[in-house]
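Me: I am new to this structure and would be grateful for a close look at a single part of it. Please take one pocket and the helices connected with its description, and set them out in a connected account.

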Amino acid sequence: MEHWQNRLDELARRHGVPGAVLGISSPGMTGVAATGVLNVRTGAPVRPDSVFHLGSITKVFVTTAVQRLVQDGRLDLDKPVSAVLPELNLGEITDRVSLRHLLTHTSGIDGDVIVDTGRGDDCLARYVAQLADVAQNSPLGATWSYCNSGFSLAGRVIEQVTGQVWDAAMRDLVFDPLGLRDTLTLPEEALLRSAAVGHMVEDDRTIPVRQWQLPRAIGPAGLIAATVSDVLTFARLHLDGGGELLTTSSLEQMQAEQVRVDAKYSLAETWGLGWQRFVWDGQRLIGHDGSTIGQQSHLVLLPSQGLAVALLTNRRTPHLYEDLYREIFASVGVEMARQPVPPVTPLGLLPTDYVGVYERAGQRIEVLLSSGKPILRVTTLGKLAEYIPDPVEELPMVALEPDVYLVPLTGSDHWLPVSFYSLADGSPYLHFCGRASALNDMPRVPRGARSHRNGGGSGDTAN
C-alpha cells in the first residue's frame, strides 16, 4: 500500500484536494491510505479512521436494506408503494409507482426536490407529504432520470414497515449486522469522530463550506457518512456472496441490469437496483459516486477479480478520482474508460432544433444561440442554490454528435455531456448531469386529485 499512499499524497496536492482517504480491498488484502487535512481552517489531519460523507453511495446502502425486507416478505419490489403508505399522494401515479421504480430512477418524480422539513423524527413523513405539490417530471417508467426524491420516499417506506425512524432502521438492517461501527447518519454522531468538512473554492481560495450536511429528510438519498474501512466492508458483502445478510438471489438482482439509460455518455450505461453498471476495457463493473456539500466519494467494484476501490475526499473535483483510479485499475490489467472530449476538428453543428427552456424542480436549463454560438445557461433553483457560490452559469456548447454536445465543468478541463432525445411518445427531453428535463412547451404532469385505487400491480415497467 506504500505505493498508493505516495500516489494519493502527490495527486491530492496536484489537484488541490485538502484531504482524502483511499481504500483498496481484494481477496485476502485490504489497505488504507490517508492524506491531508480534515479542515483547512483547523489543520486537523486526515486519519485512516476519519469519517467522510458518502453522498449518493448512501443509495446502495438503502437498497441493501430494502432487499433485506423483501427477503423477509415484508416488502415487494413490484407492488404499489401506496400499499405501505396509504396517505401517499403522487397524483395519477399514486397507485402505480413501485419500489422498483424508485430504486432504478424511473418513477418520473422530480428528482431534486431539496426541502428542509426539520430535524424531527417526522421529517421524512413531512417530506413525502409535500411531494403532492411537485409536478411529475416525466411519465412513470418512461425514462431514466437520477432521482434523489425517490430514495427519500423509499426511506419513508422503510420507516413504515419497520416502525423505526430511517436512521435506526439502517443501523438494525445494515450497519450493525456488518459491524460498521463508524457508519452514521446524524451530525451528532459525527461529532464523536474524526470527521471531514467539505470545501469549496471562492476567490481562488479553498475554504470550508458553510454547512456540514443537507437537510435530514434527504438522508436516504445521501446523508450516510463513514470511514473508508466501513465502505470496504460493505463492498465485500456485495463481492463475497452476501454472507448471512443477503441471499445470492438478492445480490444478483441488485447487480443485474434493470434499466438501460436512454441518454448517451450518462452516469452509467445501465442501472441495477441501487448500483450503477458500466464496462471498462470489456470488464463489467458496478459502483456508485456521491457528491454532497463540498465532499465527493467514489466506490467501484470489479466482481471478476473481487476488487473494491473506495475514495473519499473533502473537495469536489473529478481529477483526483480519474488519475488515481486509472492507475489502480491499470495495475490489474483494466483500462478505465475515458470521458468524451471535443473533437479535434469542430463538427460545425448548432443545436438549432433544441433551442428552448428545459426545467425541473432543482434546475432551469436554457439552450441559446448567442451571436451564432451555442450557450447552455444553467440556473440552480430552490434550496440547492444555497449550496453553490453562483447559481447561474453560462457554458459554451461544443458538438460531439448531432444529438450530443459537451460543456466545460467550471474551473477545470473536464467536459460534461448534454444529450437530447425523445420519449416513446415524441416528447423532447434534455439530459444533463444524469437528470432528464422536459422542454417547457411540453408541460410536466401536474399533481391533481389522487386517483382511485385500482388494486393493480406496479403499472409501467422500468425497462
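Reply: By class, the lining of the second largest pocket comprises three nonpolar, three polar and five charged residues. The model in which this pocket is found is a predicted one. The space in the second largest pocket amounts to about 240 Å³. Its lining is formed by His319, Glu322, Asp323, Arg326, Arg338, Gln339, Pro340, Val341, Asp413, His414 and Trp415. Helix H11, which spans residues 318-330, gives the most to this lining, with four residues.

One of the lining residues, Arg326, merits separate attention. Arginine 326 is placed in helix H11. When its neighbours within four places in sequence are set aside, arginine 326 is in contact with Tyr321, Met336, Ala337 and Arg338. Of these contacts, Arg338 is also listed in the lining of the second largest pocket. A further arginine may serve as a reference point: arginine 326 and arginine 156 are separated by 170 residues in sequence and by 38 Å in space, taken from C-alpha to C-alpha.

Helix H11 also packs against another helix. Helix H1 (residues 2-14) and H11 have axes 10 Å apart and pack at an angle of about 155°. Angles over 145 degrees count as roughly antiparallel, and H1 and H11 are therefore roughly antiparallel to each other. The crossing in which H1 passes H11 is right-handed. From H1, the residues Trp4, Arg7, Leu8, Leu11, Ala12 and Arg14 meet Leu320, Asp323, Leu324, Glu327 and Ile328 of H11. The residues of this contact divide into seven nonpolar, no polar and four charged. Asp323 of H11 takes part in the meeting with H1, and Asp323 is also among the residues that line the second largest pocket.

For context, the packing of another helix, H2, may be set beside this account. Helix H2 (residues 58-71) packs with helix H10 (residues 248-255) at an angle of about 140°, and their axes lie 10 Å apart. H2 and H10 are therefore oblique to each other, and their crossing is right-handed. In this contact, Val60, Thr63, Thr64, Gln67 and Gln71 of H2 meet Ser250, Gln253 and Met254 of H10. By class, the contact of H2 with H10 contains two nonpolar, six polar and no charged residues.

H2 has a further partner in helix H6 (residues 166-178): the two axes come within 10 Å and cross at roughly 85°. H2 and H6 are therefore roughly perpendicular to each other. Here Thr58, Phe61, Val62, Thr64, Ala65, Arg68 and Leu69 of H2 meet Trp166, Met170, Asp172, Leu173, Val174, Phe175 and Pro177 of H6. The contact of H2 with H6 divides into 10 nonpolar, two polar and two charged residues. Thr64 of H2 appears in the contact with H10 and also in the contact with H6.

Note on methods. Residues numbered from 1 in each chain as written. Predicted model: local features only at pLDDT ≥ 70, side-chain atom pairs only at ≥ 80, totals over all residues. Heavy atoms only, no water. Axes fitted to C-alpha atoms, helices over the stretch in contact; angles between N-to-C directions. Helix = DSSP H or I, 4+ residues; strand = E, 2+ residues; numbered from the N terminus. Parallel < 35°, antiparallel > 145°, perpendicular 65-115°, else oblique. Left-handed = near helix turned anticlockwise from the far one by under 90°. Contact = heavy atoms within 4.5 Å. Nonpolar A, V, L, I, M, F, W, Y, C, P; charged D, E, K, R; others polar. 1 Å grid on protein atoms, 1.4 Å probe; cavity = no way out; pocket = protein on both sides within 12 Å on 5 of 7 lines; lining within 4 Å. Points joined across faces, edges and corners; volume = space filled by probe spheres on them.
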